[in-house]
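Welcome! Here is a short guided tour for anyone meeting this structure for the first time. Take a look at the view below, and then we can walk through it topic by topic.

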Amino acid sequence: MSQTTIFEVMSGLCRELGAINLGQGFPDMEEPPEVIGAAQRALVERSNQYPPMRGLPELRGAVAGMYGVSAAEVIVTSGATEALASAILALVRPGDEVICVQPLYDAYLPLVARAGGVARLVNLRPPAWSLDLDELAEAITDKTRLIILNTPNNPTGTVLDRATLEGIGALAQRHGIYVLSDEVWEATVLDGSKPLSVLDIPSLRERSVKVGSAGKIFSLTGWKIGWAVAAPELAERVAASHQFITFTTPTPLQWAVAEGLALGEAWFAAHRARYVESKARLVSGLTQAGFCVLPCAGTWFVTVDLAASGLPAQDELLAQRLVREAGVGSIPVSAFYADRPERGYLRLCHAKRGETLDQAVERLAGFR
Ligand code: PMP
Ligand code: GLN
């Protein structure tokens, strides 16, 4: 857990070796001029001083409008990462157990450990990467304080369905457990459907913190504007934690995100269409080159099943070889597990220009 995160390691290697980076999830396409322009105007025309601790009212209102909640329930944070930290540090006490679902985003376990919590792990099962409610129920003890969900899931793209979320809601109610739902990939379900949120499930509404990220919604990952959304009593506790972590989040970028959220459905559909295209291009290139790509509803990633592609099921080793020998960065799915035996899945980011993807596929095909 004290290792440097795989995203930093792989991006560092790509920079050092001049490899194409399909590892860390960030787009290399044109950045939305409407939102960049709003930030430029905000820098010059609006305030660059501290905003209110819970966020600019304009941004809290825009986020609240998007989710159909009240602005009092929204806390703006420095990226989703800070929302996760604030929520975990607010809710988990030393000795509490926290159920985490693998494969999981690599920030969760260190944050749970920092809060003094003990992680209990349940697994999504490939190839559908579905969550088994019985396995989840078995992991609950009288010490369970929190369940951490990630829907759509990074790296598999799985979206939790209503029956699963309602099942989790029933368990959470019965055992008095909170739920932290990392929904940063909510805008990336490429059939255009809106994935269900914990905010949509009555049994989860009062006991959940939802986390979102403008970095993902607007493809501006370096902006680090996120938010936590929760019923007022829970939001108070997250705010109490947030105020002594980062206190506030850069003012001009908050203005710009608030403007961006008002762009309207046609803009968001056009934005999403770029990723429909990039995903189709990478999946078809990989498939033609003999790789077996697993189905994936959301995120900017696709997952390759190595054994089904006729390759040894050693993802960490392969990721190292690919970046050094083929010049393509990727992320081994093993990095999303607490224990690290080699697993057989490799994650590739499709959120890239056509030329970048074509060149990467050519190199990967040549490596086989
Ligand atoms: N959660 C998940 C599942 C992610 O994939 C990421 C980053 N891609 C984050 C949180 C962090 O988001 P942010 O950059 O807004 O902190
Ligand atoms: N969330 C992005 C990914 O999964 C980037 C994560 C990071 O750099 N920490 O690739």
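Asp 358 is partly exposed, with 14 other C-beta atoms within 10 Å; that count falls between the 12 or fewer of an exposed residue and the 20 or more of a buried one. This residue belongs to helix H14, which covers residues 354-367. Arg 281 is 77 residues away from Asp 358 in sequence, yet the two C-alpha atoms are 7.9 Å apart in space. Please keep in mind that you are looking at a predicted model.

**Two domains**

- The domain assignment splits the chain into domain 1 (6-25 + 266-367) and domain 2 (33-261).
- Taken over C-alpha atoms, the centres of the two domains are 25 Å apart.
- How many residues of each domain are in contact with the other? Domain 1 brings 22 residues to the contact, and domain 2 brings 22.
- On the side of domain 1 that touches domain 2, helix H12 (265-288) and strand E10 (301-305) are the elements that give two or more residues.
- H12 provides the largest share of that side, with 6 residues.
- By class, that side of domain 1 has 16 nonpolar, 3 polar and 3 charged residues.

**The largest nonpolar core**

- The largest nonpolar core has 110 residues, and the members that touch the most others are Ala 87, Ile 88, Val 179, Ala 228, Val 238, Val 304 and Val 328.
- Helix H4 (residues 79-91) gives the largest share of this core, 9 residues.
- Where does the core lie with respect to the domains? Domain 1 and domain 2 both give residues to it, so the core lies between them.
- Leaving aside residues up to four places away in sequence, Val 304 touches Leu 286, Phe 291, Cys 292, Val 293, Ser 309, Tyr 345, Leu 346 and Leu 348.

**Helix H10, a helix with two sides**

- Helix H10 spans residues 232-242, and its buried residues are Leu 234, Ala 235, Val 238, Ser 241 and His 242.
- These buried residues lie on the same side of H10, because they cover an arc of only 120° around the axis.
- A general rule helps here: an α-helix has 3.6 residues a turn, so residues three or four places apart point the same way.
- Pro 232, Glu 233 and Ala 240 are exposed on the other side of H10.
- Which elements cover the buried residues of H10? The cover includes strand E2 (74-77), H4, strand E7 (208-213) and strand E8 (226-230).

**Around the two ligands**

- Ligand 1 has 14 residues around it, of which Gly 79, Ala 80, Thr 81, Tyr 105 and Ser 213 come nearest.
- H4 gives the most to the shell around ligand 1, namely 3 residues.
- The shell of ligand 1 is made up of 3 nonpolar, 9 polar and 2 charged residues.
- Around ligand 2 you will find Thr 5, Phe 7, Gln 24, Gly 25 and Asn 154.
- The shell of ligand 2 divides into 1 nonpolar and 4 polar residues, with no charged ones.

**Backbone details to look for**

- As background, most residues other than glycine have a negative phi, and most peptide bonds are trans.
- The peptide bond from Gln 102 to Pro 103 is cis, with omega near 0°. Pro 103 sits in the loop between strand E3 (97-102) and helix H5 (108-114).
- A cis peptide bond also runs from Thr 151 to Pro 152, with omega near -10°. You can find Pro 152 in the loop between strand E5 (144-150) and helix H7 (162-175).
- Ser 219, a residue other than glycine, has a positive phi near 60°. Its loop joins helix H9 (214-217) and E8.
- Is Ser 219 buried or exposed? Ser 219 has 23 other C-beta atoms within 10 Å, so it counts as buried.
- Thr 299 is not a glycine, but its phi is positive too, at about 80°. This threonine is in the loop between strand E9 (292-294) and E10.
- Thr 299 is buried, because 29 other C-beta atoms lie within 10 Å.

Conventions: Residues numbered from 1 in each chain as written. Chains lettered and ligands numbered in written order. Predicted model: local features only at pLDDT ≥ 70, side-chain atom pairs only at ≥ 80, totals over all residues. Core = buried A, V, L, I, M, F, W, Y, C linked by C-beta atoms within 7 Å. Helix = DSSP H or I, 4+ residues; strand = E, 2+ residues; numbered from the N terminus. Domains from an automatic or database assignment. Contact = placed C-beta atoms within 7 Å. Near = placed C-beta within 6 Å. Nonpolar A, V, L, I, M, F, W, Y, C, P; charged D, E, K, R; others polar. Arc of directions from axis to C-beta.
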